[in-house]
Amino acid sequence: MTITSVAAVAADRSEQAQFYIAAKGPSERPRRTLKHNDTFAVLNDYGDIGAALGEPDGIFNQDTRYLSLLELTINGVQPLLLGSNVRDDNTSLTADLTNPDIYRGDRLVLAKDTIHITRTCFIWNAHFYIRFGIQNHGQSRVGVTLALSFDSDFADIFEARGSHRARRGSLRPVWRDERTARLSYLGLDGEIRTTTLRFEPQPDQLEDDVATYDLVLDPHARSSIFVAVGCGTEGEGAPINFFKGMAQASRELRRQRSETVAIGTSSDVFDRVLSRSLADLRMLTTETAEGAYPYAGIPWYSTTFGRDGLITALEMLWCMPSLARGVLSRLAAFQADCVDPLNDAEPGKILHEMRCGEMAKLREVPFGLYYGSVDATPLFVLLAGEYASRTGDYATVKTLWPQISAALEWIGRHCAADQDGFLRHSRNVEGGLANQGWKDSYDSVFHADGRLAEGAIALAEVQAYVFAARRSISGVARRLGFDEQALRLDEEALRLAIRFDQRFWCEDIGTYAIALDGDGEPCRVQTSNAGHVLFGGLASPHRARRVATGLMSPRFFSGWGIRTVAQGESRYNPMSYHNGSIWPHDNAMIALGLCRYGFKDEVATVFEAIGGAASYMELRRLPELFCGFRRIKGQAPTLYPVACAPQAWAGAAPLAMLQACLGIQCEPEVNRIRLVAPMLPNFLDMVVLRNLELGNGRVDMALYRYGRNISLQILRNDGGAEISISQRQPSDFDGAPA
């Protein structure tokens, strides 16, 4: 290796380490996740927590770990695990435990499998609740000592994922009485963060870091211990009764279900995939002051992310339109209104990431309110336009029109500043993200020879989002009486389509360049970004056919889905984060793009691949991403070690793919649902949709596959909607002139 190449690698690694999520060694145990609003827990199968810096275990609230240790022992030893399950609706974790053989010297004093402990955990309103149900299944009276050890490091979320801090705040002395222990930390930001553990009944002994119960149980006798862990600042509210909390959580779940489409299919396995996806989305969705917002993922991204929320809402718009309203309202409330280079903020720009932990408040990381994404702003405009078309709720969009106009002005200023009229990005300060599209790894935008793109970068998919946003919102502008603005938006979209085709199409690789670098040189690399060009409708039909053919070739399509980068490209690595892995949401957006251009066979193929991958995943849950290795019969896909699961836009992916297959289009202004060239993949013979919203009405329908044909049965039609199957017409295609 030459000196030059060593220096280049060192620079790469320095850039890579900036906000890198480390994989520190083998994953020794499965992890279970629970969440309600801003509080989440990452537990092992036992329901225990044993965290260290760089590990995700713990109970977190608003970007701080409030409990880093919670371990149960029986007579001083770890219990045996019988089984552990998260409920299908994600409301609780239940772990069944028993005692091992316990000796005193050489004498057996408690035979294994005598004591059964059912440990049930859930989260509600910033409290983590536990019930230990204990039963003696032996034939004689037994005495056992249960001890629950606890502690907190009050790590910031960025510390928990591996960041080193030169200075930290101070832990305060533990306060306790007979049944309560309070752990506190005074941060460098001046805020006191407090973890309060309350025990019922009163422990036989309560110390600063352990609660001990000495139990005597008659044959078949039962006993219960309840623990509530409160996360917050000093003086925050007391917990409620365990059973009352579970009842409230169940009522909230029923309310959420009533607002969502219910889906059943002919495949039991795929039903479980869909059930888990919907449950994950409900769990990740947080009630904010502005409305419901899908937090991006657990453990590292359980907060407001602009891009993730917008894409999730777009994926779910057909079946959960209320989610889009919350996303639009929250992002409008935090739209930038001034220039702040440290946060990459400019007037009109839409939020990338919001954090409220100690490190963000001290600006040790730039993510308190951080605007370093180039695509969130056009996606915001696009979602507003699509939401209005899907729901007919022009009143909400009119209320948001000042924010929509500000976003359009930001896009327009930056496009006007570029000689080609493209929307480009570059970070304003050294601490920000270098790549500001959805593939935001340091090495995700590169040339065919492996050189990283430099300068102000114009990403292919971002131009497609801008095109789609202008096309979509122009119709809304006309509806609201802004005819001149609507005409200008249509003209800008057409000019962009023509320029894009001229500058991004690479005949030698048969697809669009991933980007133009700062010198205007195309990055001639085959990537999945071209599929997002189809999603935005920016490709002409004959270009779209070539893109689709390439994406379905073995270089891209692994059998488990479409890779982010084609096999054989210089930086291709199936184990990488963005350069050869498979992302479910990426495949979903590609599927929606393929559907737009009428490539339904390809949609079905991608759908079957991602559905097949989900069938192998733990809990039938699609993770953020997995490795891009070739599918081998009888073997599961290869997991990516630090992928978030659950992840909102991954959970929404099967729902978006189902829409792409069925071609569902809701037209509330004429009270019509159209199924455009519907088809089902070979693994589904039937799909039943219930509670599909159209205006004030609800529709239930069943679709049956007979070879390549689909029959439709209407089961309920409360609003008297017209429901029909139609075939796509050539005029439906979008994009630049051929």
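Colleague: Why is R621 called buried?

Modeller: This is a predicted model, and every value here is computed from it. R621 has a relative accessible area of 8%. Buried means under 20%. So R621 counts as buried, because 8% is under that cut-off.

Colleague: Where does R621 lie?

Modeller: R621 is in the loop between α16 and α17.

Colleague: How do you know that the side chain of R621 makes a polar contact, and with which residue?

Modeller: The partner is the side chain of D280, at 2.9 Å. A polar contact needs an N or O pair within 3.5 Å, one atom able to donate a hydrogen and the other to accept it. The value of 2.9 Å is within that limit, so the pair can be listed as a polar contact.

Colleague: Which residues is R621 in contact with, leaving aside neighbours within four places in sequence?

Modeller: Among them are T33, N90, R276 and M283. D280 is in this list too, and so are A645 and P646. Contact here means heavy atoms within 4.5 Å.

Colleague: What joins A645 and P646?

Modeller: A cis peptide bond, with omega at about 5 degrees. P646 sits in the loop between α16 (600-616) and α17 (648-651).

Colleague: Which residue does a cis peptide bond join to P201?

Modeller: That residue is E200, and omega is about 0 degrees. P201 belongs to the loop between β16 (192-200) and β17 (205-206).

Colleague: How do you know that there are zero disulfides?

Modeller: The whole structure was searched, and zero turned up. A disulfide is a covalent bond between the sulfur atoms of two cysteines. The search needs two cysteine sulfurs within 2.5 Å. Take C506: the closest cysteine sulfur, in C523, is 9.1 Å away, which is too far for a bond.

Colleague: What rules out a bond for C666?

Modeller: Distance again. The closest cysteine sulfur to that of C666 is in C319, 9.6 Å away, so it is too far for a bond.

Colleague: Are C506 and C666 buried or exposed?

Modeller: C506 has 1% relative accessibility and counts as buried. C666 has 11% and counts as buried as well. Both values are under 20%, so both earn the label.

Colleague: Why is Q62 called partly exposed?

Modeller: Its relative accessibility is 41%. Partly exposed covers the range between the 20% and 50% cut-offs. The 41% of Q62 falls in that range, so the label fits.

Colleague: What is the label for D63?

Modeller: D63 is buried, at 7%. That is under 20%. Q62 is in the loop between β4 (58-61) and β5 (64-67), and D63 lies in that loop too.

Colleague: What is phi for Q62 and for D63?

Modeller: Phi of Q62 is near 45 degrees, a positive value in a residue other than glycine. For D63, phi is near 70 degrees, again positive in a residue other than glycine.

Colleague: What is the strand order in the open sheet of three strands?

Modeller: The order is β29-β30-β34, with mixed pairing. β29 (664-667) and β34 (722-726) are called edge strands because each has a single partner strand, so one side of each is left without a neighbour in the sheet. The twist averages 20 degrees from one strand to the next.

Colleague: How do you know that β29 and β30 pair?

Modeller: Pairing needs at least two bridges. Four bridges join β29 to β30 (residues 672-676), so the two count as paired. These strands run antiparallel. Within them, Q665 stands opposite R674 in β30.

Conventions
Residues are numbered from 1 along each chain as its sequence is written. This is a predicted model: local features need pLDDT of at least 70, side-chain atom pairs count only at pLDDT 80 or more; totals for chains, interfaces and linings use all residues. Side-chain values use heavy atoms; hydrogens and water are left out. Buried means under 20% relative accessible area, exposed over 50%, partly exposed in between (1.4 Å probe, protein chains only). Axes are lines fitted to C-alpha atoms, for helices over the stretch in contact, and angles run from 0 to 180 degrees between N-to-C directions.
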